[in-house]
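Biologist: Please take me through one part of this model in close detail. Start from a single residue and work outward, with the numbers.

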Amino acid sequence: MRRLGVLWMVDQEHAATGRAPDHDRSPWNLLLLVPLLMLITPLWNHDEPRVFGLPMFYWAQFLFVPLGVVCVGLVVRAANRRERGTERSGSAERDGGEP
C-alpha cells in the first residue's frame, strides 16, 4: 500500500511539473483488476439476495459487465490525459517555453 502511495505522489509530481514520468505504471491501472473479481465465483455463488427474481450468482455476473466497462474507460482516460500532458510538455520544451 505504501508503494501505491509513492507511485501516486510521483505521478502527481510529474503532472504538476509537466515532466514525462520515467515509467508507464500508474495506480489507475489497478482498476483493471476490479472486473477480474467476477472470476472468484465462490463470492457470488449464492441464491439470496434476488434481484428481479434472479439469484445473486446471475445478477452479480451481469453487474460486472458495466462495472468492467467503467473501469477500463477510466484507465484509458487517465492514460490519454497523461500522454497529452507529456506531449504538451515536450512541445513546450522544444519551443523554448516553460513546460
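Modeller: Leaving aside neighbours within four places in sequence, Trp 44 is in contact with Leu 37, Met 38, Met 56, Phe 57, Ala 60, Gln 61 and Phe 64. The model is predicted. Trp 44 sits in the loop between helix 1 and helix 2. Its relative accessible area is 16%, so Trp 44 counts as buried. The cut-off for buried is under 20%.

Take the ring of Trp 44 next. Two aromatic pairs are counted in this model. One of them joins Trp 44 and Phe 64. Their ring centres lie 5.2 Å apart, and the planes meet at 65°. That makes the pair edge-to-face, because planes over 60 degrees apart fall in that class. The pair links distant parts of the chain. Trp 44 belongs to the loop between helix 1 (2–17) and helix 2 (56–95), while Phe 64 belongs to helix 2. The two are 20 residues apart. Phe 64 is buried too: its relative accessible area is 7%.

Phe 57 is another contact of Trp 44, and Phe 57 has an aromatic partner in Tyr 58. The ring centres of Phe 57 and Tyr 58 are 5.4 Å apart. Their planes stand at 80°, so this pair is edge-to-face as well. Burial is another matter. Phe 57 has 26% relative accessibility and counts as partly exposed. Tyr 58, at 46%, is also partly exposed. From Trp 44 to Tyr 58 the C-alpha separation is 8.2 Å, with their positions 14 residues apart along the chain.

Now Gln 61. Gln 61 is in helix 2. Its relative accessible area is 18%, so Gln 61 is buried. Setting aside residues up to four places away in sequence, Gln 61 touches Met 38, Thr 41 and Trp 44. Met 38 is also on the contact list of Trp 44.

Follow the chain on from Trp 44. Asp 47, Glu 48 and Arg 50 are linked in a network of salt bridges. The structure holds two salt bridges. Side chains of opposite charge can pair when their charged atoms come close. Asp 47 forms a salt bridge with Arg 50, and the closest N and O atoms are 2.7 Å apart. Glu 48 meets Arg 50 in a salt bridge at 4.0 Å, N to O. The cut-off for a salt bridge is within 4 Å. What about exposure in this network? Asp 47 is partly exposed at 39%. Arg 50 is partly exposed at 42%. Glu 48 is exposed, with a relative accessible area of 52%. The threshold for exposed is over 50%.

The backbone here deserves a check. Glu 48 and Pro 49 are joined by a cis peptide bond, with omega about -5°. Pro 49 lies in the loop between helix 1 and helix 2. Phe 52 is in that loop as well. Its phi is near 55°, a positive value in a residue other than glycine. Phe 52 counts as exposed, because its relative accessibility is 85%.

Look back along the chain as well. Leu 30, Leu 33, Leu 36 and Leu 39 make a nonpolar surface patch of about 400 Å². One of them, Leu 36, is placed in the loop between helix 1 and helix 2. Leu 36 is partly exposed, at 46% relative accessibility.

Finally, the wider setting. The secondary structure comes to two helices and zero strands. The protein has 99 residues, and buried residues make up 21% of them. Trp 44, Phe 64 and Gln 61 are among the buried. Of the contacts with a separation of 6 or more, 40% are between residues 24 or more positions apart. The protein exposes about 7600 Å², and carbon and sulfur atoms supply 64% of that area.

To recap the site: Trp 44 is buried, pairs edge-to-face with Phe 64, and touches Gln 61 of helix 2.

Technical notes
Residues numbered from 1 in each chain as written. Predicted model: local features only at pLDDT ≥ 70, side-chain atom pairs only at ≥ 80, totals over all residues. Heavy atoms only, no water. Phe/Tyr/Trp six-rings, centres within 6.5 Å; stacked < 30°, edge-to-face > 60°. Helix = DSSP H or I, 4+ residues; strand = E, 2+ residues; numbered from the N terminus. Buried < 20%, exposed > 50% of the residue type's maximum accessible area, 1.4 Å probe, protein only. Patch = residues over 30% accessible without salt bridge, like charges linked within 9 Å, V, L, I, M, F, W, Y side chains within 5 Å. Areas by Shrake-Rupley, 256 points an atom, 1.4 Å probe, with all protein chains shown as cover. Salt bridge = Lys/Arg side-chain N within 4 Å of Asp/Glu carboxyl O. Contact = heavy atoms within 4.5 Å.
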